[in-house]
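Trainee: Could you take me through one part of this model closely, namely its aromatic pairing and what surrounds it?

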Amino acid sequence: MNEAAAEKIASRLAELWQTSRPTILERMAALHTAWETLAANPLDHDARERGREAAHKLSGVLGIFGLPQGSEMASALEEQLKPSAPLLPNDLAGLHKRIAELDAVIASKSAQ
């Protein structure tokens, strides 16, 4: 690939990031809301599923925008939110920390 083609691709990805960013932030808001609901009621299956779906969608898209670490983090969140086992207090604390870390990764891309 020549330099002009690479620049064109980079430019197009930057445009796509700007148009996709609101959706990405909505998915992060859904993760935050899910965590808040689960912190109050760890057995809330709907909140857990909404959070898992948001994490799944983030996992799929963040790598496209040069955030493979964010994609991996979202995938870990998705896995943690699967309804295979109850969420314990330590799980909820870890979930909150991972969401904050993912926020930071996304914010770093937004600041570029």
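Mentor: Rings of Phe, Tyr and Trp, the last represented by its six-membered ring, are taken to pair if their centres lie within 6.5 Å. In this model, which is a predicted one, a search of the whole structure on that basis finds 1 aromatic pair. The pair is made by Trp17 and Phe65, whose ring centres are 5.3 Å apart and whose planes stand at 70 degrees to each other, so that the arrangement counts as edge-to-face, the class for angles over 60 degrees. Trp17 belongs to helix H1, whereas Phe65 lies in the loop between helix H2 (45–62) and helix H3 (68–81), and with 48 residues separating them the pair links distant parts of the chain. Both Trp17 and Phe65 are buried. The ring of Trp17 has a further partner in Lys109, whose charged end sits over that ring at 5.9 Å from its centre.

Turning to other residues of helix H1 and the loop, Ile9, Leu13, Leu16 and Ile64 form a nonpolar patch on the surface, and together they have about 310 Å² of accessible area. Leu13, one of these, is found in helix H1, which spans residues 3–40; because its relative accessible area is 31%, Leu13 is classed as partly exposed, the range between 20% and 50%.

Helix H3, which follows the loop of Phe65, contains Gln80. Gln80 has a relative accessible area of 18% and is therefore buried, the limit being under 20%, and its side chain reaches the backbone oxygen of Asp91 at 2.9 Å.

Key: Residues numbered from 1 in each chain as written. Predicted model: local features only at pLDDT ≥ 70, side-chain atom pairs only at ≥ 80, totals over all residues. Heavy atoms only, no water. Patch = residues over 30% accessible without salt bridge, like charges linked within 9 Å, V, L, I, M, F, W, Y side chains within 5 Å. Areas by Shrake-Rupley, 256 points an atom, 1.4 Å probe, with all protein chains shown as cover. Salt bridge = Lys/Arg side-chain N within 4 Å of Asp/Glu carboxyl O. Helix = DSSP H or I, 4+ residues; strand = E, 2+ residues; numbered from the N terminus. Buried < 20%, exposed > 50% of the residue type's maximum accessible area, 1.4 Å probe, protein only. Phe/Tyr/Trp six-rings, centres within 6.5 Å; stacked < 30°, edge-to-face > 60°. Lys NZ or Arg CZ within 6 Å of the ring centre and 35° of its normal. Polar contact = N/O pair within 3.5 Å; in protein donor to acceptor, adjacent residues only side chain to side chain.
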